[in-house]
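Subject: A structure for you to look at

Hello,

Here is the structure I promised to pass on. Please open it first, and then read my notes alongside it.

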Amino acid sequence: MDCGMKNRISQIIKPETGRTVMLAVDHGYFLGPTTGLEEPRKIIAELLPYADSLMLTRGMLRTSVDPNASVPIVLRASGANSIIGDDLSNEAITVSVKDAVRLNVSAVALSIYVGGKYEHQTLKNLASLISECEEYGIPVLAVTAVGKEMARDAKYLSLACRIAAELGAHMVKTYYCDDFEKVVKSCPVPVVIAGGKKIPEKEALELAYNAVRDGAAGVDMGRNIFQSKDPVGMIKAVRSIVHENVSAEKAYKTLKL
Ligand code: R5P
């Protein structure tokens, strides 16, 4: 791996702990004005000081993030569908690598739908984005999107994560599940977990704790942070779990709910 690629990955996964707290605020790319993200600039500014990186679309980056902020950017580079459209897996690459370079991003992210109707298309998207990004030393985070009909179990998630790594993804984002250690062990690149739909704060903190205990390199969490009654408290609590191995119970006690 070249020096630029390594440097960009270390901007996201902190070398001091080997872990990361990524803040995902890219939901609008198919959900529109998601609850908690109606005014993205405001919530992003509040949470930014506690995020190791910010995952979002180029539209939100241009309009809703202070360009003076030093936070590493993970740019969503796939989409072109919506929650009311035909099939969520019908994704395209939505950003040129040239634009990603112009936006000075630390990584790009793209969803794959293993087992979905447009599986082949999304895997080809991943492979071609990686090939292009390799030329510039930009890492690619593959997001294993799970269709409604798919089971979020270790067998399926191992399959999806491993395929992403085989195609050359530098990091993989997936969901936590029972036997998560198996997913991590069979994926040779760092794995981070999504938070998923909003759940009670205590459960979300337990999810983060269990994920890093079982080998995740951290979280790429969105709704369970920005939809919390105490979003800043929540991201700080998640940080303490991910970077300091604080228990979920102790971290929960710091929240102002
Ligand atoms: C989903 O495809 C998006 O990339 C989200 O950013 C991702 O699911 C993480 O957000 P959440 O923790 O809300 O699931």
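Let me start with helix α11, which is mostly covered, as ten of its 14 residues are buried. Do keep in mind throughout that this is a predicted model.

**Helix α11 and what follows it**

The buried residues of α11 are P231, G233, M234, I235, A237, V238, S240, I241, V242 and H243. They pack against quite a list of elements: β1 (20-24), α3 (40-47), α9, β10, α10 (223-226) and α12 (248-253). The length of the helix also checks out: at 1.5 Å a residue, the 14 residues from 231 to 244 should span 20 Å, and the end C-alpha atoms are 19 Å apart, which agrees.

Just after α11 comes N245, with a positive phi of about 55°. N245 sits in the loop between α11 and α12, and it has this positive phi although it is not a glycine. For background, most residues other than glycine have a negative phi.

**Helix α6**

Next, please turn to α6, residues 119-136. Its 18 residues should span 26 Å at 1.5 Å a residue, and the end C-alpha atoms are indeed 26 Å apart. Which residues of α6 are buried? They are T122, L123, N125, L126, L129, I130 and C133. Viewed down the axis of α6, these buried residues fall within an arc of 150°, so they line one face of the helix. It helps to recall that an α-helix has 3.6 residues a turn, so residues three or four places apart point the same way. On the other side of α6, H120 and E135 are exposed.

The partners of the buried residues of α6 are β5 (92-93), α5 (97-102), β6 (107-112), β7 (140-144) and α7 (154-166). After the helix comes G137, whose phi is positive, near 70°.

One residue to pick out in α6 is N125. At 12% relative accessibility, N125 counts as buried, because the cut-off for that is under 20%. Leaving out residues up to four places away in sequence, N125 touches E91, A92, I93 and L110. The C-alpha atoms of N125 and G147 are separated by 18 Å, with the two residues 22 apart along the chain.

**The ligand**

There is a ligand too, with 14 residues around it, of which D26, H27, G196, G222 and R223 come nearest. Three polar contacts to look up:

- G222: a backbone N or O atom lies 2.8 Å from an oxygen atom of the ligand.
- R76: an N or O atom in the side chain is 3.1 Å from an oxygen atom of the ligand.
- K173: a polar side-chain atom lies 3.2 Å from an oxygen atom of the ligand.

How much of the ligand's accessible area does the protein cover? The ligand has 350 Å² on its own, and the protein covers 95% of that.

**Some loop residues**

The loop between β4 (78-79) and β5 holds N81, and A80 lies in that loop between β4 and β5 as well. Is A80 buried or exposed? A80 counts as exposed, at 59% relative accessibility, whereas N81 is buried, with a relative accessible area of 14%. A80 also has a positive phi, of about 80°, although it is not a glycine. The side chain of N81 reaches the backbone oxygen of L88 at 2.5 Å. Apart from neighbours within four places in sequence, N81 is in contact with Y29, F30, D87, L88, S89, N90 and E91.

V105 is in the loop between α5 and β6, and V105 is buried, with a relative accessible area of 4%. Beyond its neighbours within four places in sequence, V105 is in contact with R8, I73, L75 and A100. V105 and L54 are 51 residues apart in sequence, and their C-alpha atoms are 9.9 Å apart in space.

Finally, D214 has its place in the loop between α9 (201-213) and β10 (218-221). D214 is buried as well, with a relative accessible area of 11%. Not counting residues up to four places away in sequence, D214 touches Y176, F180, E181 and V184.

Happy exploring, and best wishes!

Methods
Residues are numbered from 1 along each chain as its sequence is written. Side-chain values use heavy atoms; hydrogens and water are left out. Helices (H or I, at least four residues) and strands (E, at least two) are DSSP runs, numbered from the N terminus. The expected span of a helix is 1.5 Å times one less than its number of residues. Buried means under 20% relative accessible area, exposed over 50%, partly exposed in between (1.4 Å probe, protein chains only). The arc is that of the directions from the helix axis to the C-beta atoms. Contact means heavy atoms within 4.5 Å. A residue is near a molecule or strand if one of its heavy atoms lies within 4 Å of it. A polar contact is a pair of N or O atoms within 3.5 Å; within protein, one must be able to donate a hydrogen and the other to accept it, and residues adjacent in sequence count only if both atoms are side-chain atoms. Accessible areas come from the Shrake-Rupley method with a 1.4 Å probe; for residues, only the protein chains shown count as cover.
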